[in-house]
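Q: I have a model open and would like to learn how to read it feature by feature. Can we start with the ligand and work outwards?

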Amino acid sequence: MWHFLDLSQDQKLERRRLLDLYGSLAQVSALIPLAILQIYFFIGWLQRRWARRSGGDDVPSSPQLKKQRSDALNGSVARSKETWRKVSWWMGDTIDIWGSRVTKGEIVAGVVWTAWLLFLSCVQTQGDYLHLTKRFGIVGASQLPLQYLLAFKSPFSPIHHLTGCSWPTLNAAHQVLGRVSTLLFYLHAGFYLNFFIQAHVLAKRIKDWDVILGLVGTIAFTAVGTTALSWIRKLSYRVFYTTHVTLASILLPVLYFHVHHIRIYILETLVVYAVHLVLRILNEHKVEGSLTMVSGTANLLEINIPISAKSKSKSIMQWQPGQHVYASLANGPVYTRPLKSRSPFTIASLPSEDGNLKLVARVLNGNTAALAKAATEGATGKSTSMPLILEGPYGLSTHSNTLLGYNRVLFIAGGVGATFIVPLYRTLLKDLSPSPGSRRRQNVAFVWAVRDEAETNWAGPEDEEEKKGMQERMTVYATRSGRMDEDEQKTNEMDTGIEMERLLPSGGMDGSAQGWQINHGRPNLGEMVDRALSHTREDAKVAVLVCGPRSMADEVRMKSSKWVGKRDIWLHVEAFGL
Ligand SMILES: Cc1cc2nc3c(=O)[nH]c(=O)nc-3n(C[C@H](O)[C@H](O)[C@H](O)COP(=O)(O)OP(=O)(O)OC[C@H]3O[C@@H](n4cnc5c(N)ncnc54)[C@H](O)[C@@H]3O)c2cc1C
């Protein structure tokens with residue numbers, strides 16, 4: 001139990017020493033999970049090397065080798081791999097809490113980290129109530145540099161390089177850590193408040209600057225945490241973004257002047273913050289792009305930015321499938337830009353092959369509406385060229401290479417989610433074999449559900465040969481049954497960040513303007529998944545990539561779950577929604 005104690009000067013000095021020690025320990029201990037991850041990567045690397053040396057992933061032709069492999073498979077290595085796959089899958093399961101979707105992995109990580117930080121807050125406090133109270137504060141403050149580092153949206157993010165995780169994953173960790181730190185700050189503030197009341201000094205202390213700044217900090221943390229809730233971000237991304245960016249900046253001086261013991265952590269955070277800001281500005285590209293509505297659609301905007309090896313923006317040629325950029329009209333002074341909310345859009349072309357960066361945006365109410373307005377303000381029916389600001393690229397650039405390590409790949413896209421899938425699909429077909437009809441290409445399948453076939457009009461490459469080759473493993477489903485009620489459509493779009501289809505039972509087949517076959521009705525996702533996973537070797541590696549409405553991703557996950565443990569399946573869900 002903890003009590004209010006009268007400490008001698010020496011005891012106070014010892015308390016200060018312990019406070020600083022446990023603050024540092026809490027900060028440094030964040031390196032432990034990173035170190036464990038590095039060991040895990042190293043073991044994986046050794047395993048791959050070993051597998052390559054002992055014959056690679058191909059099925060061995062010699063019966064003896066085959067037996068050896070199957071023995072190894074049945075052995076403990078195979079069993080531990082299977083368990084690991086099941087655990088990873090379980091960690092990826094999601095739960096809705098207060099309108100926010102969190103994975104079980106995030107909950108486990110949050111609980112473990114909270115328990116660890118609470119332990120560091122309590123240990124060696126020697127029954128001293130004020131020691132415990134201060135400990136909550138310093139341990140919470142020690143997490144701030146990491147907290148800001150996890151939000152680091154840059155290809156130079158050190159955490160990204162150490163973990164190999166994409167920004168959405170790191171952002172999820174940022175949110176978890178934010179909640180854990182806020183809990184510690186609440187405990188710090190609550191315990192102090194109780195002390196002031198018990199010691200009858202509340203009226204006096206509430207006027208002191210350290211207490212006022214502490215209260216301002218606590219309120220600011222509450223506002224940051226509350227506006228970051230998923231339903232508020234969906235309601236108004238602008239409110240979330242402005243509050244987040246403004247308060248994240250204001251909090252640093254507030255905490256710096258709150259107490260001097262935590263200044264080291266605030267200065268570290270300030271460095272992270274400043275570097276992040278500079279990198280984001282340096283990552284901006286002013287380009288000239290043409291804006292036009294995708295033919296046959298009323299709310300799909302296409303942005304094309306021509307690039308050549310000689311142009312100023314030639315670095316765009318290096319941008320990879322699966323990455324995204326933030327795009328906005330180039331208006332307003334440079335220094336106000338980082339404060340403005342921009343929209344992320346996925347790179348929908350292969351810049352180096354096409355000589356063009358294409359973005360396709362579903363027009364909603366904010367930034368996308370402004371872009372669409374700019375597109376339609378010019379000569380009707382023609383594209384309008386104008387200066388744009390692109391920031392990026394962000395997101396993993398390694399998807400294409402990763403896919404080459406899989407025996408089968410199933411791509412599933414819903415509506416504008418194909419901006420993520422199409423470039424990966426095109427790249428994979430090319431990487432597997434340049435010639436259509438080849439056996440290697442048969443291990444790839446792409447299913448694309450759209451409301452209306454016109455929504456696929458942006459996807460065909462210029463090159464006719466490639467376009468023909470693309471049709472080979474691609475099936476388009478047009479699901480529209482008629483006009484959707486406008487309100488219903490809007491609600492669905494807000495919910496998913498993409499769009500929902502009104503799904504019909506499967507129906508007939510047609511050709512499209514792009515030349516690909518259009519099936520009318522809904523794709524049977526379960527059947528697609530089963531087809532990709534059945535008739536494969538037990539040790540075959542199968543990748544399923546989905547980008548579409550949340551309901552679609554959920555269905556694919558559900559249908560795939562029965563294969564976990566039976567096959568080496570990697571399900572990647574790219575989410576455009578929040
Ligand atoms: C990594 C990623 C890639 C994406 N790629 C594409 C794409 O290729 N094509 C496409 O049409 N859409 C894509 N989106 C979704 C797209 O960014 C949003 O639809 C767009 O930002 C909405 O802009 P708005 O200002 O018109 O939205 P509003 O009408 O103001 O809001 C509509 C919805 O979009 C959300 N939203 C608004 N701004 C952002 C933002 N900066 N980040 C995340 N969500 C936001 C809001 O919370 C709300 O739920 C992607 C999203 C992400 C996260």
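A: Sure. To begin with, a residue counts as near a molecule if one of its heavy atoms lies within 4 Å of it. Keep in mind that this is a predicted model.

Q: Which residues come nearest to the ligand here?

A: There are 23 residues around the ligand, and R233, R342, R362, N367 and T368 come nearest.

Q: Where do polar side-chain atoms lie relative to oxygen or nitrogen atoms of the ligand?

A: The general idea is to look for pairs of N or O atoms within 3.5 Å. In this case T368 places a polar side-chain atom 2.3 Å from a ligand oxygen, and T419 does so at 2.9 Å, again with an oxygen atom of the ligand. For Y237, the partner is a nitrogen atom of the ligand, at 3.4 Å.

Q: How much of the ligand's accessible area does the protein cover?

A: Taken on its own, the ligand has 860 Å² of accessible area, and the protein covers 91% of that.

Q: Which elements give two or more residues to the shell?

A: They are α12 (230-235), β6 (343-346), β7 (356-362) and α16 (367-377). The largest share, four residues, belongs to β6. By character, the shell splits into ten nonpolar, nine polar and four charged residues.

Q: Let's zoom out. What does the protein chain look like as a whole?

A: Count elements, then check burial and contacts. This chain has 22 helices and 15 strands, and 47% of its 578 residues are buried. Take the contacts between residues at least 6 apart in sequence: 74% of them join residues at least 24 apart. The chain exposes about 29,000 Å², with carbon and sulfur atoms supplying 61% of that area.

Q: How do I read which side of a helix is buried, say for α19?

A: Start with the general idea: an α-helix has 3.6 residues a turn, so residues three or four places apart point the same way. Now the case: in α19 (residues 464-471), the buried residues are E466, K467, G469 and M470. They span an arc of only 165° around the axis, so they sit on the same side of α19. The face turned away from that buried side carries the exposed residues E464, E465 and K468.

Q: What covers the buried residues of α19?

A: The cover includes α18 (418-432) and β11 (474-478). While you're there, look at the N-terminal end of α19: D463 caps it, with a side-chain oxygen 3.1 Å from the backbone nitrogen of E465.

Q: Is R441 buried or exposed?

A: Under 20% relative accessible area counts as buried. R441 has 5%, so it is buried. You'll find R441 in the loop between α18 and β10 (444-450).

Q: What does the side chain of R441 make a polar contact with?

A: The partner is the side chain of E472, at 3.3 Å. Setting aside neighbours within four places in sequence, R441 also has contacts with a list of residues including L429, P436, G469 and R473.

Q: One more: how should I read G92, in helix α4?

A: Compare its accessible area with the cut-offs, where partly exposed falls between 20% and 50%. G92 has a relative accessible area of 26%, so it is partly exposed. Helix α4 covers residues 76-92. Not counting residues up to four places away in sequence, G92 touches T103 and R557. G92 and L571 are 479 residues apart in sequence, yet 9.8 Å apart in space, C-alpha to C-alpha.

Notes
Residues numbered from 1 in each chain as written. Predicted model: local features only at pLDDT ≥ 70, side-chain atom pairs only at ≥ 80, totals over all residues. Heavy atoms only, no water. Polar contact = N/O pair within 3.5 Å; in protein donor to acceptor, adjacent residues only side chain to side chain. Areas by Shrake-Rupley, 256 points an atom, 1.4 Å probe, with all protein chains shown as cover. Nonpolar A, V, L, I, M, F, W, Y, C, P; charged D, E, K, R; others polar. Buried < 20%, exposed > 50% of the residue type's maximum accessible area, 1.4 Å probe, protein only. Contact = heavy atoms within 4.5 Å. Arc of directions from axis to C-beta.
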